[in-house]
Amino acid sequence: MFIFDTEYILNAMKYRVEKLKFFIDSTYFSSDWSSFIFNVIRLSFLRNDKKLREFVFSSVTSTSFDKSVIDKPKFVAFKLLHQLSQDKNDQQVKKDLSTILKTIQIVGDTNLLSFLKQIQTDILKE
């Protein structure tokens, strides 16, 4: 996915978001859905592509991940980072982000935690 430009990814998402939503309850498609969405979100932060992030967060809600105790906090953390990038002084977002990062730490996903903290640091430096 990293080799494609934003417009290509947006067009692919527009098509796939609707198709994947039909299969969200399927075990296999559910994990494909999560992988696809999180890869796009991660890419949007690495490229600092707010347009891509806004499309994802307007197309997908956290309720899409209600069945996963791992994916829902991950989605919420990324969404909070997106909100932080829009307003670095929002104390409620900072507080909520701190709470969700503690949750991810408890779960033990150290790679994700490191990535999220690095993105948070980068956002606050801008």
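Within the chain, 61% of the contacts (heavy atoms within 4.5 Å) with a separation of 6 or more join residues that lie 24 or more positions apart. The model is predicted, so that local features need pLDDT of at least 70 and side-chain atom pairs count only at pLDDT 80 or more, while totals for chains, interfaces and linings use all residues. Residues are numbered from 1 along each chain as its sequence is written, and side-chain values use heavy atoms, with hydrogens and water left out.

The secondary structure comprises six helices and zero strands (DSSP runs, H or I of at least four residues for helices and E of at least two for strands, numbered from the N terminus). Of the 126 residues, 40% count as buried (under 20% relative accessible area, with a 1.4 Å probe and protein chains only). One residue of helix 2 (residues 27-46), S44, is buried, with a relative accessible area of 0%; beyond its neighbours within four places in sequence, S44 is in contact with D49, L52 and R53.

The axes of helix 5 (residues 91-107) and helix 6 (residues 110-125), taken as lines fitted to C-alpha atoms over the stretch in contact, with angles from 0 to 180 degrees between N-to-C directions, come within 9 Å and cross at roughly 160°. Helix 5 is therefore roughly antiparallel to helix 6, a term applied to angles over 145 degrees. The contact is made by K94, L97, L101, I104 and Q105 of helix 5 together with L112, L113, L116, K117, Q120 and L124 of helix 6.

Terms used
Buried < 20%, exposed > 50% of the residue type's maximum accessible area, 1.4 Å probe, protein only. Parallel < 35°, antiparallel > 145°, perpendicular 65-115°, else oblique.
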